[in-house]
Amino acid sequence: MSADPGTTGPDATGDLGDGTYRNPVLAADWSDPDVLRVGDDFYLTASSFGRAPGLPLLHSRDLVNWTLIGHALDRLEPAEAYATPQHDRGVWAPSLRHHDGRFWIFWGDPDHGLYQVNAPRIRGPWSRPHLVKAGKGLIDPCPLWDEESGAAYLVHAWAKSRSGVKNLLTGHRMSPDGRELLDEGRTLVDGDRVPGWFTVEGPKLYRHDGWFWILAPAGGVATGWQGAFRSRAFHGPYEERVVLQQGATDVNGPHQGGWVHTATGEDWFLHFQQRGAYGRVVHLQPMRWDADGWPVLGRDGEPVAVHRKPDLPAQPPSTPATGDDFPGGRHGPQWQWTANPRTGWATSHTGDGLRLACVRSAHADDVRALPHTLTQRLPLRPCSVEVELRLDAEVPGARAGLAVLGDAYSWVGLERGEDGAVRLVHRFAEAGAAAERDAAPPRPAPGAAARLRVEITDGARCRFTADTGEGPRPTGGPVFAATPWCWVGALLGLFAVAPAGEGHTGTALFTRFRITR
């Protein structure tokens with residue numbers, strides 16, 4: 001359960017309160033978004049890579065103010081492949097659809113194939129993952145149930161790192177139940193045959209005005225553009241057009257997302273922008289159709305910074321939850337483990353606070369390698385992150401803390417020494433380093449408790465402080481610049497660990513987690 005619904009107000013949400021919004025409308029790493037309308041409700045999902053639970057589910061009534069309502073994927077499969085952290089693997093670029101009274105999500109796992117889950121309601125229960133097509137390098141699937149013909153189709157892209165192929169979109173006929181593909185597939189779009197186009201991927205498949213439409217990005221994550229392809233027949237031939245690009249704006253690589261048509265007759269497009277350590281934040285663009293029937297996104301093909309809100313009933317400002325009191329030892333939906341969870345990592349109790357077991361690990365000196373770290377996304381806008389910690393572990397080397405995780409990481413927390421004393425420690429590891437080292441000299445922590453704090457400023461620069469009973473004081477370590485993984489933005493993490501060995505280790509209690517802006 002969350003202690004608050006997410007920080008609100010103009011500094012946290014894209015809603016400016018005067019009938020306009022500013023981008024991004026989701027100012028954190030909601031990567032590769034897809035959006036859907038059912039009645040008056042909008043739903044969004046995004047890539048979750050190797051974290052569990054996966055496939056986040058967000059809800060909105062106006063496309064600007066969003067809340068996180070749960071996840072569609074409890075555990076990644078195959079389960080054994082995700083027993084340890086796989087930060088850049090797992091769930092890539094899902095597509096969210098509603099058909100035959102059910103919600104459907106298809107996604108690609110670049111190492112295993114194309115999967116789907118479905119449910120009668122957005123909050124579930126969701127089916128177990130079904131492998132629609134096994135294979136290496138199959139990514140970014142999107143289904144279409146064609147109401148005109150009754151046929152079902154699927155289009156997907158390719159990851160060159162696994163298949164040796166990229167810049168292609170492949171189309172299949174699909175069984176109406178979404179469980180199998182009915183042919184070997186045909187190339188619908190060959191980006192190598194379109195001058196200047198490369199890395200065509202992330203397709204979203206639609207039917208509109210007698211055309212089959214594939215909205216697909218090209219040009220790479222950080223600097224790409226949004227393309228549109230159309231054909232009178234599913235198997236082509238397709239003609240193409242660039243419909244959104246950076247132009248004269250400061251929005252690099254505005255691409256990859258989904259189109260939604262509102263009940264009031266408007267069209268909108270949600271897409272991501274790569275923002276370094278912050279990952280892929282989500283922008284909302286107005287959309288219209290030109291005289292030739294092509295979509296025009298943003299302001300004449302360039303992204304808007306501020307725009308009037310969609311013509312929909314006003315909603316209270318909201319953002320996905322961040323803060324947590326952990327009532328009864330339970331954590332809110334904003335948290336994800338760095339691998340498939342196991343019984344015993346967190347224990348329930350009658351009071352507030354997250355009680356994490358100090359799990360024994362041969363990788364205690366590298367937080368990136370721990371499967372039992374609980375994480376949430378790093379906010380784009382400057383903020384302070386704070387949590388209270390008590391270390392209830394008697395084993396020497398047991399430790400717990402608050403981390404900023406990426407290819408490089410840094411954390412502040414408590415550790416039990418060989419002499420039995422608990423000390424405040426601040427450690428870090430550079431990208432590629434096999435183990436962490438001290439960022440500052442340890443200092444006493446009377447009562448084995450501390451209030452930990454990270455102040456994050458522009459550029460994801462992190463300053464660590466702690467209060468061990470004498471008021472907040474800097475740890476003495478240098479400013480840490482957060483870094484992403486290859487495809488995933490930096491994460492905030494809570495963890496507890498002990499060195500490898502035998503026997504009971506104890507726990508760490510985290511309380512009053514807050515992010516303030």
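**A friendly note on rings, strands and one threonine**

1. A good place to start is W107, which counts as buried because its relative accessibility is 4%, under the 20% cut-off. Please keep in mind that this is a predicted model. Y115 is buried as well, with a relative accessible area of 6%.

2. How many aromatic pairs does the count come to? The answer is 20 aromatic pairs. One of them joins W107 and Y115: the pair is stacked, with 5.5 Å centre to centre and 10° between the planes. For orientation, the distance of the centres and the angle of the planes are what describe a pair of aromatic rings.

3. You may like to look next at F326 and W335. Their ring centres are 5.9 Å apart and their planes stand at 40°, so this pair is tilted. Are these two residues buried or exposed? F326 is buried, at 0% relative accessible area, and W335 also counts as buried, at 1%.

4. For a group of rings, turn to Y206, W213, W259, W289 and W294, which ring pairs link into a cluster.

5. Two arginines also deserve a look. R207 lies over the face of F212, 3.9 Å from the ring centre. With R377, the charged end sits over the ring of W30, at 3.7 Å from the centre of that ring.

6. Now for a sheet. Four strands make up an open, antiparallel sheet, ordered β6-β7-β8-β9. Why is one side of β6 and of β9 left without a neighbour in the sheet? Both β6 (92–99) and β9 (130–134) stand at the edges, and each has a single partner strand, so one side of each has no neighbour there. On average, neighbouring strands of this sheet are turned by 20° against each other, direction ignored.

7. Within that sheet, strand β7 (residues 102–109) and strand β8 (residues 113–119) run antiparallel and are joined by 7 bridges. Which residue of β8 is the bridge partner of D109? That partner is G113.

8. Last comes T20, found in strand β1 (residues 20–22). T20 has a relative accessible area of 19%, so this residue is buried, given that buried means under 20%. The side chains of T20 and D18 are joined by a polar contact of 2.5 Å. Leaving aside residues up to four places away in sequence, T20 touches G14 and D15, along with V306, H307, R308 and K309.

Key
Residues are numbered from 1 along each chain as its sequence is written. This is a predicted model: local features need pLDDT of at least 70, side-chain atom pairs count only at pLDDT 80 or more; totals for chains, interfaces and linings use all residues. Side-chain values use heavy atoms; hydrogens and water are left out. Rings of Phe, Tyr and Trp (its six-membered ring) pair if their centres lie within 6.5 Å; planes under 30 degrees apart count as stacked, over 60 as edge-to-face and the rest as tilted. Buried means under 20% relative accessible area, exposed over 50%, partly exposed in between (1.4 Å probe, protein chains only). A charge sits over a ring if NZ of Lys or CZ of Arg is within 6 Å of the ring centre and within 35 degrees of the ring normal. Helices (H or I, at least four residues) and strands (E, at least two) are DSSP runs, numbered from the N terminus. A polar contact is a pair of N or O atoms within 3.5 Å; within protein, one must be able to donate a hydrogen and the other to accept it, and residues adjacent in sequence count only if both atoms are side-chain atoms. Contact means heavy atoms within 4.5 Å. Two strands pair if DSSP finds at least two bridges between them. Axes are lines fitted to C-alpha atoms, for helices over the stretch in contact, and angles run from 0 to 180 degrees between N-to-C directions.
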